[in-house]
Structure formats: C-alpha cells, structure tokens
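Biologist: I'd like to go through the labels on this structure with you and ask what stands behind each one. Could you set the values against the cut-offs for me?

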Amino acid sequence: MSQEKENIIQLDFSEEMKNAYRDYAVSVIVARALPDARDGLKPVQRRILYAMKELGLYPDRPHRKSARIVGDAMGKYHPHGDSSIYEALVHMTEEYSLNTPLVDGHGNFGSIDGDGAAAMRYTEARLSEAAMTMLENLEKGLVEFGPNFDESEKEPLVLPAMLPNLLINGTTGIAVGMATNIPPHNLGEVVDAVIAYMDRPGISLQKLMDYVPAPDFPTGGIITNASELPAIYETGEGKIRLRARTELEKGDNGRTNIVITEIPYTVSGNKTKLVESLSSLVKDRVFEEIYDVRDESSKEGIRVVIEVKKGRDIENLLNGLYKKSQMEDTFGVNLLAITGGQPKLFNLKSLIEEFVLFQEELYTKEYQFLLAKAQKRLEIVEGLIKATDVIDLIIEILRGSSSVKQARACLIDGVTDDIAFKSAASEKQAKTLLFTGAQADAILTMPLSKLIGLEILKLHGENDELLSSIATYEKVLADVRELYKVIKARLRKYKKQFSRERKTELADVVPKAYIEEVKIEDIYVCIDRFGYMKAMDEAAFVRASDEAKQEYPHIIKMKNTDKVCLFTDQGNMHQVRADRIPKCKIKDKGALVHTLCKLSGDEEALLYIPFEDLFESMLLFTTKGGYIKLVSGAEFETNRSQVAATKLEQGDEVSGIVSLTASDVLSGMKKVILITEKKLSLGFPLSEVSELKKTSRGVRAILLDKDDKLVFSTVVDANAETFSYKGKELNAKRVRNRRRAAKGQKANLD
C-alpha cells in the first residue's frame, strides 16, 4: 500500500486541463487546420497526394477507385475519418474552387450548384499534371521524411513544391482561436511576382502588386474595392467585396433580362442556394420589378436569368440585388500559415519570400543530388575507359584468378598473390592498376559487348557530358544568382504549361442605395371563414365568379402599398403589410392570419380594415362588460406590428367594433343598438357616445345582470326598419330608446 502511495502524482486539475487543451489546440493548428507556407497544403491533402504517388496514379496512367486512395491515406498516414479524407480529395478536383486542381477526378465529383460527390466507391481519381510539380522530385531527397502515426511507414513532412501553391490555389481553415482564409491568385501573375522578387529582393509591395494586382478567383466575378487591396496585402487581413458579373438582354413581351454569367467565389459550390434566394426575394415580393428567375446554366457556363418587368429601372434593381442577395458578397482575407512549426500572419511579400527561401533549399539539394550522382557515374565511366585501354591485362587477371574476390583485390590494391600470370611483366603492370571499388565492380560486371569500338566511343562521349554537367552543377551551387536562373527557367516553363488569362475583374465601385420602386395599384384582400388570407389584383378579382366570392366573409379593397389592420376581442390591433400577404388565385388557400400577424391561439379578429380607411374613420368599441366609446382612427397610426387598441377591465373582452365615418358621427341621424346574451336590447342615439382616447376604458352603456354580458352592437340609421343579427333581419323599431345606464328590454329575436 505504501508503495502505491509513493507512485501517486498530485496534479492541479485546472493546470492539467490547461495543458491538455493547449496540446490539443497546437495539434489542431499544426497538424490539421492550417497549411504549411512552403507547399500550401494541409496534412490531409499532403498525405492524399503522397498516397496517390505511392499507388503510381500518375497523369499518364489509368484512374483508380477513390475508395482505394482514401483507404491507403487513412491506413498508412492519416488516422481520421474516411469521409473527411474523401471530402479533401473531392475538393482538390474542383475547378470552381482551385485555379490548378491537384487531382484529376473521373465520375461524379459534385458541381458548382452544390450537388454532392458520389460515394467514393463510384468515383475514380489520379494525380493531375499540376500535382506533379509538387511530387516529381521526392526521390531526390529534397525534403525531410518522418514516421507516420504508428511508425510503420515514412511520410514527407512537406512536399517539394516547385510552384507557389498557397497563393495560386488559396485555402481556408478554422483552428483553435485562429483561422486562415487565403484567396486564390492567377498562376502567371504569381510566377512573375516570384521572378521579380528574385531579381530584386528589396522590391516594394507596391511594385509586387504590379505583377499580382489582386486575387483571381476561378469563378470570375468583379472585385469592387480594388483601392483597398494594397492595405490588405500589406497587413495580411481585410475584406474583399465580390460581385457577380451580369449582362443585359432583351426578353419576351418587352421585358429585359439580367443574366448572371459569373458568381462570387463565396457561393462557389452552392449556386443553387443563390438562385433559391433570388427566387424567394421574388416570392416574398421584396422586388416588385422582377417577373421571374430561372437557372439556364449548362456545361458551357453559368447563366442565371432574372426577368425584369417592362419599364423598370434596371440599374436601381441591380443595386437592390447587390444589397439584399449574394450577388455581392465579402471574402475575408487572413494570410495565416505555418512556418517553422508556428502559425504566422504573412503579407504578400513575406509569402513570396517564404516560397523563394524554400526554393533555394529545394534546388540546392536537387543540384547536390545531381552532382553526387554525376560524380559517381563519372568515376565508373572513367574506370571503364581506363579498363578498355588495358583490357588484355584485365582478361589475363580474370583467367589467372581463382575467385572474383581475388580478381577484385588485384584491380583495387594491386594484390597479385596466387594469380597465374603469363609473364612477370604482366604481373608487374597489374600491381599498378589501382581502380576504385566502384570501378572494379563495374569492370567485373561489364559485358564483352562494351569492347566494341562504337561502345568505347560512347563511353568517351558520356565522360565529356558528365564533366560538363558537373561543371554546371558546381557553378549553380557556388553562385546563388546561377541557382536563381535555374529556378526562374523552371517557373517560366510551368507558367507556359499551366497559366491562363485572368478571370476576376478589378474595379472601384461606390455602393449605391436601392430606391424601392413600387407601382401603386388596387388589390383585394380576401379572408375566408377559417382565417386564411390572400391578395388578388383587381383584374383577377373581377374575373372571379360571384359564387367563389361568397366563400369569403371579409373582402377588403385597398392599395398594394397599404396595410390591413386587425382589431381583436383581446383589445389588440395587429398590422399586416400588403406585400406580406401571399398573392394567389381565387381558389388558392393563402396564408393563415395567425401566422401573418402572430395572433395568440384564442384571439379572434373582429374587424379588418385598411389603414388608409382607418385613418379617416371613427371606431365604436363595445365590451362584454357593457362599456362603450368612440375612438378616432388617427390614434392608431404606428409602425409597430401590434399595439393595444383599448383598455379592458380584468376578465373583460371586446364584443364589437364598428367602423364609422366622421359624417356618421356628426349627422345625429345614427342609432346604436346593443344586445346581451340574455336577449336584452337597448338603443340610443350615436351622438350620446363620447369620443375618448384609445387608452381609456370607455363609459357604461348598459347595466347588466351578474350572469349577463353584452354580445352584439351595431349602428343603424335612426329611421331604419330592420338590422341584421346572426344572419337574421330584426325589427329596429322595437328596440326602445333608453338612457345608456338603464337596463334593456326583452328583445324579440325569434
């Protein structure tokens, strides 16, 4: 027990948590989320490319199943989920995400619309030509290798990238407490900037931007804040505004079409979402100017058509679309990458400098490798040439030796013991041969065909070539300017092979405000007995049959710029803008009133009225508790969607609301009729009702028994013969006039 106590280590919990989380954060930053500044790859991408090279999936060979590639990468180098590895593989095939895709995919690898790739068992892949610029010199020992996760394999810690992949293809990644978002650039421009830096290491950022003026996105589009780019490239941070490229075409019936031919890079791989958002703007009637939106994209390119109604302001509409849709978006630049095992925020010049330093290291190792290889071959060639000059002596040594070992010792060290020579002169000459070990081995394995005169001439020619190559290699290694010449020559070769014209246009555009363009017209709002509301234009309403119109107890004529005001039994007023009411045909259901203005479940609308009419009206409120008042409609002017319309006693509810004109109130020729639940009725002149504020309770209109309540109120002409109640026509003359505070008489409602 005492021994166990001695092995217990006391740790502070908070400190242990800090250390563990710090280790996790470093692992995510360095080993997962952020790219290496030298080859521009995250570990998963590097491992996929290396696994493909090990499988021999070169550009000139057949494609192989993606599942095999993912399996090799996961089993040998990247012990994480197969889905994340496959996603990384798919991303490296996307021409709309990368300027130079590193993987050549065969099969369904998704689309710019947002379609997902097929399962890995159905797709095939191989390395692209561009990927070979990052892999082809691995066998020359240019980069360091390290053990894989279980130390059963070796993997490169960085790829010998001969192109500045980080700038060309860009990258994005989220780590712990930091993120990277590097935009793609034009390959030819970046190569020119790298060469310019090698020519003048002290070159200014502004001069570098003569070569790399801005990112070049594979989806094209327009950068609208070009003047802000120098600051972004200087600090390594900032926001780029991207705008879709559009063209104008003549449409049908006098309409004009706005055609989107290039989309912002931020919606690359999700074009369908952009189209759906534009369609929803039309459906929600945010832009009345738009007639229709459709996607006519094909293999030839992007073509999203926005049909604009006749006679509308196209430029103003575009300003609105840029503001309210992803036709204009921002790309947040953050030039963060790993260097020396640590994350660092770069700028344009320091990223190029990092690449050039890496190239110096790679090319130095490459030429050291080539020099060593040439020197080794020169040693053998010189030995073979020397051997051809004394071939008779060598044959005599071989015939007189009892073993290869004995002959080899003679060729290297001149040991002639126990070798049978034809003459003492031959033995004496044999002692002076002194070949190197490599030369002796080459001589002993040399076929007799090498003694042909033509072959001997070839050896002399090879010897001259090797001497020339060695002199070149030594010259390159001795002078960094010569090394730069080699680097620049290869970069120019790659530029010629992979470069393309710039796609993204640069501009400085001042954002303009959208002036909402609304054509004022009459509409009809119909509400059925189930509470469904819809709007119809005047022409459609006129065409509808009388039978169809009878299905709607509430039909309101109003302007399309107005709003419907709903007064409820809970004493609230709700407002619904006309543009929020779905425009439907007479047979369509529409939208439930409760969803358009958020009525509570037990709240019932008593009056529907357009705000323009309400503003000029007087409202007569009566409550179940027997209170009454007149309120000016002007009191209800508000931008809020819901307000209190009247004050209610606890437990009281609004029993009726009648809309009246000012002339109705002032004429003295109107009569108020009230009916209670117990069928008591009361009538009195409208002129006796006081006009009060909406925040008042009102005055007592009728005395009620404890178990009775006011359920109906209406206003009729003083000389009216009848009034309507629950679908019946009742005799208005039989409702006697009494003081408002008096009890009513029994009403004849049968």
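Modeller: Happy to; what follows is a walk through helix packing, the cores, salt bridges and two backbone angles, and the model is a predicted one.

Biologist: Let's start with helices H4 and H5. Why are H4 and H5 called oblique to each other?

Modeller: H4 and helix H5 (residues 82-91) pack at an angle of about 120 degrees, and their axes are 10 Å apart. Roughly perpendicular covers 65 to 115 degrees and roughly antiparallel begins over 145, and an angle of about 120 degrees falls in neither range, so the pair is oblique. The crossing of H4 and H5 is also right-handed.

Biologist: Which residues make the contact between H4 and H5?

Modeller: On H4 they are Ser66, Val70, Ala73 and Met74, and on H5 they are Asp82, Ile85, Tyr86 and Leu89.

Biologist: What makes H3 roughly perpendicular to H4?

Modeller: The axes of helix H3 (residues 43-54) and H4 cross at roughly 110 degrees and come within 9 Å. That angle lies in the 65 to 115 window, so H3 counts as roughly perpendicular to H4. Arg47, Ile48, Tyr50, Ala51, Met52 and Glu54 of H3 meet Ile69, Asp72, Ala73 and Tyr77 of H4.

Biologist: Ile48 is in that list. What else does Ile48 touch, leaving aside its neighbours within four places in sequence?

Modeller: Its contacts are Ile69, Ala73, Ile85, Ala88, Leu89 and Met92. Ile48 is also among the members of the largest nonpolar core that touch the most other members, together with Leu49, Met52, Leu348, Ile352 and Ile397. That core has 121 residues, and helix H13 (residues 348-389) gives the largest share, 18 residues. A second, separate core of 25 residues includes Ile260, Val267, Phe287 and Leu318.

Biologist: Ile397 takes us to helix H14 (residues 391-400). Which residues of H14 are buried?

Modeller: They are Ile391, Leu393, Ile394, Glu396, Ile397 and Gly400. These buried residues pack against H13, helix H15 (404-413), helix H16 (424-430) and helix H17 (437-444).

Biologist: Now the charged pairs. How do you know that Asp72 and Lys76 form a salt bridge?

Modeller: Their N to O distance is 3.9 Å, and the cut-off is 4 Å, so the pair qualifies. Asp72 and Lys76 are four residues apart in helix H4 (residues 66-77), which means they are separated by about one helical turn. An α-helix has 3.6 residues a turn, so residues three or four places apart point the same way.

Biologist: Why is Asp72 called buried while Lys76 is called partly exposed?

Modeller: Buried requires under 20% relative accessible area. Asp72 has 12%, so it is buried. Lys76 has 29%, which lies between 20% and 50%, so Lys76 is partly exposed.

Biologist: What makes the salt bridge of Lys488 and Asp199 a link between distant parts of the chain?

Modeller: The side chains meet at 2.5 Å, N to O. Lys488 sits in helix H19 (residues 480-498) and Asp199 in helix H8 (residues 187-199), 289 residues apart. Lys488 is buried at 12%, whereas Asp199 is partly exposed at 45%.

Biologist: How do you know that Lys624 and Glu653 belong to the salt bridges too?

Modeller: Their closest N and O atoms are 3.1 Å apart, and the limit is 4 Å, so they qualify. Lys624 is in the loop between strand E25 (617-623) and strand E26 (627-632), and Glu653 is in the loop between strand E27 (642-644) and strand E28 (654-661). Lys624 is partly exposed at 27%, as is Glu653 at 24%. The whole structure holds 38 salt bridges, and Glu249, Arg255, Arg294, Glu296, Arg303 and Glu307 are linked in a network of them.

Biologist: To finish, what is noted about the phi of Leu434?

Modeller: The phi of Leu434 is near 55 degrees, a positive value in a residue other than glycine. Leu434 lies in the loop between H16 and H17.

Biologist: Why is Leu434 called exposed, but Lys679 partly exposed?

Modeller: Exposed means over 50%; Leu434 has 53%, so it counts as exposed. Lys679 has 39%, so it counts as partly exposed. Lys679 also has a positive phi, about 70 degrees, although it is not a glycine, and it lies in the loop between strand E29 (670-676) and strand E30 (680-685).

Conventions. Residues numbered from 1 in each chain as written. Predicted model: local features only at pLDDT ≥ 70, side-chain atom pairs only at ≥ 80, totals over all residues. Heavy atoms only, no water. Core = buried A, V, L, I, M, F, W, Y, C linked by side-chain atoms within 4.5 Å. Buried < 20%, exposed > 50% of the residue type's maximum accessible area, 1.4 Å probe, protein only. Helix = DSSP H or I, 4+ residues; strand = E, 2+ residues; numbered from the N terminus. Contact = heavy atoms within 4.5 Å. Axes fitted to C-alpha atoms, helices over the stretch in contact; angles between N-to-C directions. Parallel < 35°, antiparallel > 145°, perpendicular 65-115°, else oblique. Left-handed = near helix turned anticlockwise from the far one by under 90°.
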